[in-house]
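Welcome to this guided tour. Keep your viewer open, and follow along one selection at a time.

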Amino acid sequence: MLDGSSAQPTDTDWFDYFLKSGTSCKLNTCRKNDPICECYLTIEYDLSMLYKGFGSPAIFLKPQNGTAVNFNTGEKFNEKIEDSFILTDGFNLQKVISINGRFPGPTITSYENQNMIVHVRNLMHTDSMTIHWHGMHQRSTPEEDGVAFITQYPILPGQNQTYKFKAFPFGTHFYHAHIGDQRTMGLYGPLIVIPEGFQQVSQPQEGNNVFIAVLQDWNHDDSSEVLYQKLLWGDYDRKTGKAYNVTNDHSGAKYSRFRFHSGLINGRGRYYSSSTENNEAPLYKFIVEKDQKYRFRVINAATMYPFHVYVEKHRPLYIVASDGREIQEEATESFIIHPGERIDFMLHTDNVPSTYLLVAESLEVGIEQRNEYHAAEALIFYKSSPTVIDLNPPKADTNNCNVDACKVFNCPFEYYPEQENRYCFNFNNVASNDPNSQTDEIKGKATELFFNFGFPGEKGYTPGSVNGHQFRSPIVNALAQPNQVDYNCRFCNASNICKCTYSVTIDRPKDNNIYQLVLTNIGNGSGWSHPIHLHGHSFYIMKIGFGKYDITTGNIISNGGQDTIDIICNDKHGYCNDAKWRNESWSEGKHPDLNWKDPPQKDTIIVPTGSYVIIRFKADNPGVWFLHCHIDLHNTNGMGMIINELPELQRNTDKDAGKKSASYYWEMIGILIYSIVITFILAFHCCKKKRNYQRIRNYNGCHLVDKNTSG
């Protein structure tokens with residue numbers, strides 16, 4: 001027992017135990033061949049740069065030469081204690097959301113097809129929350145998907161909820177908040193599913209040669225709500241009063257109206273006050289042996305930014321999986337990972353033993369001119385190094401591409417500037433190697449739907465939207481009570497912008513249940529690239545159609561979006577709310593350039609500005625699934641929609657829950673009427689016996705106040 005007594009531990013005991021230990025799952029579960037994996041997560045607000053100890057006064061910390069020390073005395077802490085600190089980028093006290101006292105939350109590791117039981121306790125004083133299990137298909141358990149007011153009601157402050165679902169598919173996934181922008185504050189953690197042993201997959205999958213690197217952008221001035229307002233209205237220089245310019249990459253794609261301060265890897269990073277000087281905050285450490293192969297599971301949990309990832313003085317890296325799905329191994333110098341994506345790569349530790357940096361840089365251009373450096377960093381240290389680990393190395397030099405051109409995977413554009421000697425390849429150029437892929441299931445005629453993601457509209461009103469619909473969240477659980485959801489979008493059409501609960505139902509067509517979605521980012525609402533995530537499925541990437549770029553500079557050409565090439569938008573404002581193929585013979589899934597040779601599978605894909613992505617999946621998972629941009633602030637602004645899949649087969653609730661809900665309310669009304677009638681009958685009989693009484697103003701049961709008495 002947890003306390004040494006013979007009493008059976010309660011859920012509260014387990015919550016408190018894991019809150020204290022910083023771990024998450026019961027020891028006799030989550031192992032290979034265990035039928036279940038049972039875990040406990042306590043969510044609460046916390047502060048960075050404090051050591052609280054256990055029962056002792058908090059100690060304020062400061063960064064010093066790659067360690068966190070006592071602010072007043074300079075005293076260092078042993079490594080085990082320091083590893084438990086919440087530090088972010090070492091910049092003053094910051095409010096964070098911790099999970100079991102950790103930032104980010106503890107890793108949950110399970111095995112494929114295990115029954116997951118995850119108990120969640122909300123100890124935030126004023127905020128509701130939910131948790132989405134990003135990457136899990138939730139087949140037969142759509143109610144466990146964790147999206148507020150779409151598949152569940154929020155978990156209120158002080159409440160607990162238990163999620164139960166199957167761990168499928170295997171691979172690198174994560175869990176995170178799905179209300180507002182709480183992920184920005186740290187409500188996320190890794191979710192790793194190990195494949196069943198008989199499957200042919202890349203190795204290693206588990207053990208000492210597997211690492212997890214979770215990336216996040218970090219703004220240490222503002223809360224998530226403030227950042228959302230700055231997305232809408234901009235950020236301003238306190239000295240000049242002028243608005244900061246929106247940052248962008250070399251292609252012209254925009255990123256942010258507010259300032260990037262720091263990048264974090266596994267909750268730690270350094271704040272750069274200039275392009276070369278940082279605050280010496282501690283970095284996360286990966287300890288390696290020479291001449292070994294290591295798997296890095298990289299997760300982008302960022303609020304806004306994609307990251308360009310490389311390992312200092314180590315090339316190539318070998319890409320082996322994305323979004324939990326295996327792909328045929330591809331050598332690359334570096335890769336780009338977008339919010340919501342996961343990429344697994346293999347690193348061969350074949351360099352001179354020393355300290356190196358894992359680097360994840362933002363794609364913004366012009367920051368050197370502003371004397372800034374925007375990156376997340378972590379240490380990679382060879383145990384056999386003749387020197388001690390350098391806890392505060394200078395920033396890494398980018399790998400040399402002058403002699404050998406650098407190959408970059410997953411670019412949100414087609415070209416780098418010519419002088420950089422880098423070239424891009426993407427999901428058009430890789431093949432699935434996943435044992436769960438079944439390409440044959442999506443071949444043939446498909447029902448085709450176009451969805452345009454962007455910020456269309458007149459100047460001053462350009463909300464995030466899908467096909468011009470700014471998403472309004474339901475006020476009831478859409479999965480459980482579909483008849484009570486206001487899906488009315490009657491004021492929306494191809495030529496306007498509207499706000500409603502946008503939903504598209506996908507049923508079984510007469511021929512088959514293959515759906516082809518054309519995800520576009522075109523028209524006057526383009527300009528920002530969007531990583532689009534579909535809940536409930538891994539889809540096949542059939543085609544990425546880029547806009548037109550200048551080969552020399554890498555810039556997207558003016559009026560070079562796909563709405564001037566393959567796609568036509570018929571509305572007069574250029575919103576592209578009702579797009580079609582320019583060549584009508586391409587309709588119904590007949591695009592001539594689809595990839596039928598082992599197309600890769602993903603659940604999150606970048607749709608670059610001016611471009612489109614064609615995806616396919618089989619409609620075989622009844623549920624109410626959210627389709628949205630995974631940039632938190634874009635999603636909060638309305639860039640999402642509901643895919644209502646096979647409603648006639650949804651195992652839940654519509655009729656049953658609706659009837660239960662209605663019968664419950666009628667029962668309550670009946671009880672109320674009965675109580676009122678009985679009360680008045682009793683009051684009438686009591687009052688008849690008294691000739692002198694005053695009119696009842698306040699009474700309890702039949703207690704009357706006589707005018708000649710008190711009390």
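Begin by selecting helix H1, residues 11–21, and look for its buried residues: Trp-14, Phe-15 and Phe-18. They span an arc of only 100 degrees around the axis, so they sit on the same side of H1. As you explore, keep in mind that this is a predicted model.

What covers these buried residues of H1? Add strand E1 (36–47), strand E7 (115–122) and strand E9 (160–166) to your selection, since the cover includes these three. Then step just past the end of H1 to Gly-22, where phi is positive, about 80 degrees.

**The domains**

Now zoom out and colour the chain by domain. The domain assignment gives domain 1 (14–196), domain 2 (210–429) and domain 3 (439–649). Between the centres of domain 1 and domain 2, taken over C-alpha atoms, there are 23 Å. Where these two meet, domain 1 brings 40 residues to the contact and domain 2 brings 39 residues.

You can try a second colouring with the UniProt record. An unreviewed entry there lists "domain: Plastocyanin-like" for residues 89–195, 232–370 and 473–645. Select residues 89–195: the end C-alpha atoms are 35 Å apart, and the span is 0% helix and 39% strand. Next take residues 232–370, where the end C-alpha atoms are 23 Å apart and the content is 1% helix and 39% strand.

**A loop with two things to see**

Go to the loop between strand E5 (95–99) and strand E6 (108–111), which is the place of Pro-104. Pro-104 is joined to Phe-103 by a cis peptide bond, with omega about -10 degrees.

Asn-100 also has its place in the loop between E5 and E6. Its phi is near 50 degrees, which is a positive value in a residue other than glycine. Is Asn-100 buried or exposed? With a relative accessible area of 0%, Asn-100 is buried.

For another cis bond, move along to the loop between strand E11 (188–194) and E12, where you will find Pro-204. The peptide bond from Gln-203 to Pro-204 is cis, and omega is near 5 degrees.

**A buried glutamine**

Continue into strand E12, residues 210–218, and pick out Gln-216. Gln-216 has 0% relative accessibility, and therefore counts as buried. Which side chain makes a polar contact with the side chain of Gln-216? Show Tyr-188: the two side chains make that contact at 2.5 Å.

Now display what else surrounds Gln-216. Leaving aside neighbours within four places in sequence, its contacts include Phe-103, Arg-183, Thr-184, Ser-262, Leu-264, Ala-301 and Phe-307. You have already met Phe-103, at the cis bond to Pro-104.

**Helix H3**

Select helix H3, residues 224–233, where the buried residues are Ser-224, Leu-227, Tyr-228, Lys-230 and Leu-231. They cover an arc of only 160 degrees around the axis, which means they are on the same side of H3. Turn to the other side of H3 and you will find Glu-225 and Trp-233 exposed.

Next, show helix H4 (632–636), which is part of what covers the buried residues of H3. After H3 comes Gly-234, with a positive phi near 95 degrees.

**The nonpolar cores**

Time to look inside. In soluble globular proteins, nonpolar side chains tend to be buried together. Here the largest nonpolar core has 82 residues, and those touching the most other members are Phe-296, Phe-335, Phe-345, Leu-358 and Phe-451. Strand E22, residues 375–382, gives the largest share of this core, 4 residues. Domain 2 and domain 3 each supply at least three residues to this core.

Centre your view on Phe-345. Beyond its neighbours within four places in sequence, Phe-345 is in contact with residues including Tyr-294, Phe-296, Val-311, Leu-317, Ile-319, Phe-335 and Leu-358. Apart from this core lies another, of 29 residues, with Cys-37, Ile-99, Phe-165 and Leu-187 among them.

**Last stop**

Finish in the loop between strand E16 (307–311) and strand E17 (317–322), the place of Lys-313. Lys-313 is not a glycine, yet its phi is positive, about 60 degrees. Is Lys-313 buried or exposed? Lys-313 is exposed, with a relative accessible area of 57%, whereas Asn-100, seen earlier, is buried.

Methods
Residues numbered from 1 in each chain as written. Predicted model: local features only at pLDDT ≥ 70, side-chain atom pairs only at ≥ 80, totals over all residues. Heavy atoms only, no water. Buried < 20%, exposed > 50% of the residue type's maximum accessible area, 1.4 Å probe, protein only. Arc of directions from axis to C-beta. Contact = heavy atoms within 4.5 Å. Core = buried A, V, L, I, M, F, W, Y, C linked by side-chain atoms within 4.5 Å. Domains from an automatic or database assignment. Polar contact = N/O pair within 3.5 Å; in protein donor to acceptor, adjacent residues only side chain to side chain. UniProt positions renumbered as here; feature names shortened; annotations may be inferred.
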